[in-house]
Amino acid sequence: MSVGKIGNDCCSCKACISVCHHNAIKSIVDEQGFEQIQLDESSCIECGLCEKVCPVLSKPAFNTEHKNNYACYALDNKIKKQGSSGGLFATFATYILKIGGVVYGAAFDQSLQLKTTRVSSIEDLAPLCKSKYLLCNTCDQYLNIKKDLENGLHVLYCATPCQISALRLFLRKDYDNLYTIEFVCHGVGSQTMFNDSVKYIQDKKGIKITNFTFREKYKSATSHYYSFDYIKNDNSYTEKDLYLYFPYYNAYCKQLNCRNICYNCHYATEQRVADITFGDFHTIAKYDQSIDRFAGVSMITCNSDKGIELFEKVKDSLYLKPFDWEILRDNNRFHGGDSRPKESANFMESYRNGGMERVVEEYLKPSKDWKRLLYYNSPSIIRRLLTKII
């Protein structure tokens, strides 16, 4: 299969665009709002480079060993608060920046478009922290990462497994100064639907949203709250609320709006492509009730010698509790993609035909989730008790 025929199996990493010297490939937005690639056969010379860098058609060598398996979180509360769970990304990124390196990760720009962003100072790191549950536009950053590596800089790249796979295929060789971290990914939705959700809230409230944060550490660290900064009548404000009240976030938590390939992810397995993997450890209370998941806790595993090397540099900054790999594996997404909900196809059809107003009315009214509203509006001690019972 060529990249021109990959269709809905595309993960839109855009490595093929970056590698094509003849501008024969471009990105388009399909009728459901997802970015896909389009091949101009009249410009294509059939060199095959695009197929070699595609993480769907070609895969780099996987890492099968898992060492340094822990539940962990940053000992520095300020750094932990920067993250969605245990603050691990900020911990590793801070180390790389302190030794003069650069960090690439996902950040919203001034127009709330999510892009792979390069930072070279700790002061600029905050926008790259916290989870963002939509596709990150890699732009031409694979080329910039290669330039930084060849200039001798230490580079840390944090992304989804498929995007890290694409980078490794794009580079076509390993660099001693490249460190890769993948987060356990549960799929990504489209920038288009996120934009439509922002517009829906803006029109409903008569405001201009200027910044958005998923996984706001509000009431509890690991519950799905969000916040956004906005302007109304020339004054600036911040609003925080439960995910059910932001349409895109609500749809994502129900797994209704992910890309097609995310439901059959090739990278949601025990075999990993990055040096280090980390993710949430929501079930920690099953194994150690002294660790409060609501205060923020992650799981981590090192998949390569380079990952172990980097971990050794920062481990003194982390609280660590060792776990067998099997426990971490069984409590996160290492067994294939999440199954597609039955209503997902109808949801996307409604979105395509009626836009955000229609899907909110049919699928995303908070009142339809009264049990979740009751749970999240209960005192924390009640929520902890319910979590243990469940």
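Hi everyone. Helices here are DSSP runs of H or I with at least four residues, and they are numbered from the N terminus. Tyr95 lies in one of them, helix α4. Please keep in mind that we are looking at a predicted model.

Let's stay with Tyr95 for a moment. Is Tyr95 buried or exposed, or something in between? It counts as partly exposed, because its relative accessibility is 21% and buried means under 20%. Now look along the chain. Tyr95 and Val314 are 219 residues apart in sequence, yet their C-alpha atoms are separated by 7.1 Å. If we leave aside the neighbours within four places in sequence, Tyr95 is in contact with Leu310, Lys313 and Val314.

One step back along the chain we find Thr94, also placed in helix α4, which covers residues 88-98. Thr94 counts as buried, at 12% relative accessibility. Beyond its neighbours within four places in sequence, Thr94 is in contact with Ile122 and Leu125.

Next, helix α6, residues 161-171. How many of its 11 residues are buried? Nine are, so the helix is largely enclosed by the rest of the structure. The buried ones are Pro161, Gln163, Ile164, Ser165, Ala166, Leu167, Leu169, Phe170 and Leu171. And what do they pack against? Three helices, α1, α2 (49-53) and α5 (141-150), and two strands, β6 (155-159) and β7 (178-183). Just after α6, Arg172 takes a positive phi of about 65°.

That brings me to backbone angles. Most residues other than glycine have a negative phi. Here are two more residues to look at. Lys14, in the segment before α1, has a phi near 70°. Lys14 counts as buried, with a relative accessibility of 9%. Arg215 has a positive phi too, about 50°, although it is not a glycine. You will find Arg215 in the loop between β8 and β9, and Arg215 is buried, with a relative accessible area of 0%.

While we are in that loop, let's turn to the aromatic rings. The count for the model comes to 29 aromatic pairs. One of them is formed by Phe194 and Phe214, a tilted pair with 6.0 Å from centre to centre and 40° between the planes. This pair links distant parts of the chain, with Phe194 in helix α7 and Phe214 in the loop between β8 (208-213) and β9 (225-232), 20 residues apart. Phe194 and Phe214 are both buried.

Phe214 has another partner. How are the rings of Phe214 and Tyr248 arranged? Their centres are 6.3 Å apart and their planes meet at 65°, so this pair is edge-to-face. Tyr248 sits in helix α8, so the pair ties the loop between β8 and β9 to a part 34 residues away in sequence. Again, both Phe214 and Tyr248 are buried.

Rings can also have a charge over them. The charged end of Lys80 sits over the ring of Tyr73, 4.4 Å from the ring centre. Likewise, Arg293 lies over the face of Phe294, 4.7 Å from the ring centre.

Now for a helix with a surprise, α11, residues 344-364. If its 21 residues formed a straight helix, it would span 30 Å, but its end C-alpha atoms are only 12 Å apart. Where is the kink in α11 centred? On Gly354, with a bend of about 135°. Buried residues of α11 include Phe347, Met348, Tyr351, Met356, Val360 and Leu364. The buried residues of this helix pack against α7 (191-205) and α8 (247-253), the helices that hold Phe194 and Tyr248.

Last topic: cysteines. How many disulfides does the model have? The count comes to zero. Take Cys10, which is in no disulfide; the nearest cysteine sulfur, in Cys11, is 5.8 Å away. A disulfide here needs sulfur atoms within 2.5 Å. Cys10 counts as buried, at 8% relative accessibility. For Cys129, the closest cysteine sulfur is in Cys158 at 9.4 Å, which is too far for a bond. Cys129 is buried as well, with a relative accessible area of 5%.

That's my tour. If you open the model yourself, try starting at Gly354, where the kink in α11 is centred. Thanks for listening!

Conventions. Residues numbered from 1 in each chain as written. Predicted model: local features only at pLDDT ≥ 70, side-chain atom pairs only at ≥ 80, totals over all residues. Heavy atoms only, no water. Buried < 20%, exposed > 50% of the residue type's maximum accessible area, 1.4 Å probe, protein only. Expected span 1.5 Å × (residues − 1). Bend = angle between axes of the 7 residues up to and from the residue. Contact = heavy atoms within 4.5 Å. Phe/Tyr/Trp six-rings, centres within 6.5 Å; stacked < 30°, edge-to-face > 60°. Lys NZ or Arg CZ within 6 Å of the ring centre and 35° of its normal.
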